[in-house]
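Trainee: Could we go through this model together? I should like to begin with the strands and then turn to the charged side chains.

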Amino acid sequence: MLNDLDVGQFRAFGYVLLEDCLGTDEVGQVQESFDRVIDGAPAFTDFGTRGTKRSVSFMETEASLGALIEHPNIMEAMRDIDGTEFLYAGAGDLTANVDDVYWHTDGNPSMQPMTAKSAIYLTDARDGDGALSIIPGSFHPEFSAALFRSYGPLGEEYRKRSHDEGFQQDVPGAVQVRAKPGDVLLWDNRLWHSAWKRKDGKPRRNIF
């Protein structure tokens with residue numbers, strides 16, 4: 001599924017987008033399951049209080065969501081990257097996010113091995129309108145440390161999110177990942193990343 005450039009991009013920059021990973025019928029089924037789960041999901045206030053909802057117990061209740069763990073296209077991409085399927089760590093979340101998620105990492109590049117996150121898109125993500133922003137290559141320890149030193153708003157803890165409004169888009173080297181429903185982003189959990197609310201106020205609908 002992935003060519004040499006795709007694999008090289010993941011290893012060098014820490015991410016690769018699997019376009020049209022889910023077929024049209026699959027997207028429809030997953031969106032219906034998503035809606036059922038999110039209707040009963042609790043509020044999630046880590047990012048703010050505007051109405052974000054998140055569920056972490058959805059794979060056992062919805063077959064179409066549980067099947068995503070071993071989706072053949074995702075597994076094939078993992079084999080292309082690493083020679084074998086990645087181990088499922090038993091973690092995930094389903095989120096309808098209407099808040100800003102400020103710059104942070106999910107793992108410490110200097111202390112933790114690579115873990116990969118799969119982000120399954122159920123809504124369009126465009127530049128400046130709900131797209132995930134990442135800093136390519138920022139999982140490399142030296143680069144991550146330089147970013148940490150250069151941006152005071154990040155504070156003293158590597159997972160502390162910057163809540164400096166001026167620290168949104170003005171980050172050298174940052175790119176926004178454009179995606180559409182059915183695309184899947186595989187990315188290194190140690191990448192510096194952020195995401196900003198949609199202009200229309202509707203939620204970003206993703207499964208991680």
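**Strand pairing and salt bridges**

Mentor: Strand 4 and strand 9 run antiparallel and are joined by two bridges. Please keep in mind that this is a predicted model.

Trainee: Which residue is the bridge partner of His-104 in strand 9?

Mentor: His-104 has His-193 as its bridge partner there.

Trainee: What is the strand order in the open sheet of four strands?

Mentor: The order is 4-9-6-7, and the pairing is antiparallel. Strand 4 and strand 7 (175-177) are the edge strands, each pairing on one side only. From one strand to the next, the twist averages 25 degrees.

Trainee: Which element has the lowest mean pLDDT, and which the highest?

Mentor: Strand 4 (residues 101-104) has the lowest mean among the elements, 82, and strand 1 (residues 15-18) the highest, 97. The protein chain as a whole averages 87, with 90% of the residues scoring at least 70. As a general caution, predicted coordinates should not be read in detail where pLDDT is low.

Trainee: Changing topic, how many salt bridges are there?

Mentor: The count comes to 13 salt bridges. One of them joins Arg-54 to Asp-93, with 3.9 Å between the closest N and O atoms.

Trainee: Where in the chain do Arg-54 and Asp-93 lie?

Mentor: Arg-54 is in strand 2 (residues 53-55), whereas Asp-93 is in the loop between helix 4 (72-82) and strand 3 (94-97). The pair links distant parts of the chain, 39 residues apart.

Trainee: Is Asp-93 buried or exposed?

Mentor: Asp-93 counts as buried, at 16% relative accessibility. Its partner Arg-54 is partly exposed, with a relative accessible area of 27%.

Trainee: What about Asp-100 and Lys-197?

Mentor: Their side chains meet in a salt bridge at 3.3 Å, N to O. Asp-100 lies in the loop between strand 3 and strand 4, and Lys-197 in the loop between strand 9 (193-195) and strand 10 (204-207), so the pair ties together parts 97 residues apart in sequence. Asp-100 is buried, with a relative accessible area of 10%, while Lys-197 is partly exposed at 35%.

Trainee: And how far apart, N to O, are Glu-85 and Arg-79 in their salt bridge?

Mentor: The distance is 2.7 Å. Glu-85 is partly exposed at 31% relative accessibility, and Arg-79 is partly exposed at 36%.

Trainee: Which residues are linked in a network of salt bridges?

Mentor: The network links Glu-19, Asp-20, Lys-180 and Asp-183.

Conventions. Residues numbered from 1 in each chain as written. Predicted model: local features only at pLDDT ≥ 70, side-chain atom pairs only at ≥ 80, totals over all residues. Heavy atoms only, no water. pLDDT = per-residue confidence, 0-100. Salt bridge = Lys/Arg side-chain N within 4 Å of Asp/Glu carboxyl O. Buried < 20%, exposed > 50% of the residue type's maximum accessible area, 1.4 Å probe, protein only. Pairing = 2+ DSSP bridges. Axes fitted to C-alpha atoms, helices over the stretch in contact; angles between N-to-C directions.
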